[in-house]
Amino acid sequence: MLNLQEVKEAIDYLSPEERAELRAYLDERETITLRAGTMNIDALLEAVREMHEGLTESEWDEIVQAMNEEYIEPVDDDGFPRL
Amino acid sequence: MIYLFDTNAVADLMSAHPTMLARVRKHQQQHVLGLCQPVDYEVWRGLRWRTAASQQQLYTNRIKPQFEWIPLTDADWRQAAQFWAQARTAGKQLSDVDLLLAALAFRLNAVIVTNDDDFDALPVRRENWRQAPTDDDES
């Protein structure tokens, strides 16, 4: 069994293709181990209450607007981005 | 079931929207409630715009960890590009953040929690938790 340091050192000897395969393998493993039940809405609400302290309603609205701004490149009739 | 939160849904949660809170409370034990990098970027962008460091720490240390962190893979970026091309061919344009979130949902067979109907142009499922559940919702 290799320890983490040995695994890290072994990565240096992998080809680019093998590294890509390793990355895909790790991504797949991450997906398999997704956890339910991480959310505690009461704990989240307590943090939200603290976050809103000192902020006016209009300041919070500005923050939400900044979160939700979407950037889409306008396209002309010829299919190319408008410059 | 895996539910992926879009930015507007996280904003609703952080605004203590009552219907959103009720639906999260209903789902929090049994289901994966996920957050990914593009949405985290947009939430962080808004907080950086107006809040102090202490409030940003609250998000990082106490709000974000309530979600299951689900990072994008290289394949998700490719899928997002595919969705961009499909949508463009159909005469629709979506933001890159929406395309990346949709690609992740597509891979995981997840439901996107959002009030944005732009996602209806893509082969992904969405639910609007600002509203009471409909017959079409998963649970």
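The paragraphs below go through a predicted model with chains A and B, taking chain A, then parts of chain B, and then the contact that joins them.

Chain A can be described briefly, since its secondary structure consists of four helices and zero strands, and the elements accordingly follow one another from the N terminus as α-α-α-α. Of its 83 residues, 8% count as buried.

Chain B contains strands as well as helices, and its strand β1, residues 2-5, is a convenient place to begin. This strand pairs with β2, residues 32-35 of chain B, in the parallel sense and over three bridges; within that pairing, Leu4(B) stands opposite Gly34(B) of β2(B). Strand β1(B) is also joined to β4(B), again by three bridges and with the two strands running parallel, and here Phe5(B) has Val113(B) of β4(B) as its bridge partner. As general background to such pairings, the side chains of a regular strand alternate between the two faces of the sheet.

Two loop residues of chain B deserve a separate look for their backbone conformation. Ala16(B), which is not a glycine, nevertheless has a positive phi of about 55°, and its place is in the loop between α1 (7-14) and α2 (18-27) of chain B. With 13 other C-beta atoms within 10 Å, Ala16(B) is partly exposed, because a residue falls in that class when its count lies between the limit of 12 or fewer for exposed and that of 20 or more for buried. Asn109(B), likewise not a glycine, also has a positive phi of about 55°, and is placed in the loop between α6 (96-108) and β4 (111-113) of chain B. Asn109(B) is exposed, because 10 other C-beta atoms lie within 10 Å.

A further exposed position is provided by Ser54(B), which is found in helix α4 of chain B and counts as exposed because it has 11 C-beta neighbours inside 10 Å. Ser54(B) and Gln66(B) are twelve residues apart in sequence, and their C-alpha atoms are 18 Å apart in space.

The contact between the chains takes 39 residues from chain B and 30 residues from chain A. On the side of chain B that touches chain A, at least two residues are supplied by each of α1, α2, β2, α3 (37-50) and α4 (53-63), and α3(B) gives the most, with seven residues. By class, that side of chain B has 18 nonpolar, 14 polar and seven charged residues.

Where does helix α3(B) meet chain A through a helix packing? Its partner is α4 of chain A, residues 57-68, and the two helices pack at an angle of about 145° with their axes 7 Å apart, while the crossing in which α4(A) passes α3(B) is right-handed. From α4(A), the residues that meet α3(B) are Glu59(A), Glu62(A), Ile63(A), Val64(A), Ala66(A) and Met67(A); on the facing helix, α3(B), they are Glu42(B), Val43(B), Arg45(B), Gly46(B), Leu47(B), Trp49(B) and Arg50(B). Taken together, the residues of this contact of α4(A) with α3(B) divide into seven nonpolar, one polar and five charged.

Terms used. Residues numbered from 1 in each chain as written. Chains lettered and ligands numbered in written order. Predicted model: local features only at pLDDT ≥ 70, side-chain atom pairs only at ≥ 80, totals over all residues. Pairing = 2+ DSSP bridges. Contact = placed C-beta atoms within 7 Å. Nonpolar A, V, L, I, M, F, W, Y, C, P; charged D, E, K, R; others polar. Axes fitted to C-alpha atoms, helices over the stretch in contact; angles between N-to-C directions. Left-handed = near helix turned anticlockwise from the far one by under 90°.
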